[in-house]
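Student: Got a minute? I'd like to go through the inside of this protein with you.
Tutor: Sure, pull it up and we'll have a look.

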Amino acid sequence: MQLTALQQDALVELLNIGFGRAGAALSQLTGHRVILEVPQVTVHEISDLSETLRQVITDEVASVHQIFTGPVAGDALLILDHQGASRLKELLTDEPALPLAIDASAREVLTEVGNILLNACLGTFGNILKVQVSFSVPHLNLDTLHHVMRSLLINREGLRYALVVHAGFKLRDAEVRGYLVIVLSVASLDRLIRAVEDWEQEQGRL
């Protein structure tokens, strides 16, 4: 499935609204101004997702995973490579990014960042659908990209497509790149796109 130019523009605009809220929440959390770049959004079939992500991220990753339910349901992840995860922890806590395994402090920070970003995006979807989207407790996982993708699809046969959102964080003159992956069934993606189109038409009438 390919998004039309109008669908893509509307989806980016909505995500940008969510990212603005996420940036404000992260700024409040850290005491520093956090700027999130305008997101880039692409749609991929689930079978192509691993190969797509391998082109932009190394195999060792930190991922924050949430399941969401409602009229639009699926799985959502924030994925960072190991260097990006360590750098983000350093920027948010003023603690040095040591060349060691990600510690308890970093886990807490990364889980909270993932929670804020994922809820900002999914909450925006819920708002345009005018429905409640429920979230599971976020779970941080440190593993290879292959195993993260494999575990995502176990017992989740209904999932078919993935929205991949390229996210850039700017904080204290430094930048960290991450990727939001929102995995949906055919019905959920169709429902989301129709809601995005309805929202775009409403904006055009204002």
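Tutor: Let's talk about the cavities and then the nonpolar cores, keeping in mind that this is a predicted model.

Student: OK, how many cavities of 30 Å³ or more are there?
Tutor: Searching the whole structure turns up three of them.

Student: And how much space lies in the largest cavity?
Tutor: About 40 Å³.

Student: Which residues line it?
Tutor: The lining of the largest cavity is made up of L3, Q7, L11, L163, L189, L192, I193 and V196. By class that's seven nonpolar residues and one polar, with no charged ones.

Student: Which helices supply at least two residues each of that lining?
Tutor: α1, residues 5-30, and α6, residues 186-205. The largest share is from α6, with four residues.

Student: Switching topic: how many residues are in the largest nonpolar core?
Tutor: It has 57, and V113 and L163 have the most contacts inside it. Helix α4, residues 104-129, gives the largest share of this core, 13 residues.

Student: L163 again! What does L163 touch, leaving out residues up to four places away in sequence?
Tutor: Its contacts include L11, L189 and L192, and those three also line the largest cavity, as does L163. Beyond those, L163 touches V41, T42, V43, F125, L180, V181, I182 and L184.

Student: And which residues does the second core include?
Tutor: That one is separate and has 17 residues, among them I57, V61, L77 and L145.

Notes
Residues numbered from 1 in each chain as written. Predicted model: local features only at pLDDT ≥ 70, side-chain atom pairs only at ≥ 80, totals over all residues. Heavy atoms only, no water. 1 Å grid on protein atoms, 1.4 Å probe; cavity = no way out; pocket = protein on both sides within 12 Å on 5 of 7 lines; lining within 4 Å. Points joined across faces, edges and corners; volume = space filled by probe spheres on them. Nonpolar A, V, L, I, M, F, W, Y, C, P; charged D, E, K, R; others polar. Core = buried A, V, L, I, M, F, W, Y, C linked by side-chain atoms within 4.5 Å. Buried < 20%, exposed > 50% of the residue type's maximum accessible area, 1.4 Å probe, protein only. Contact = heavy atoms within 4.5 Å.
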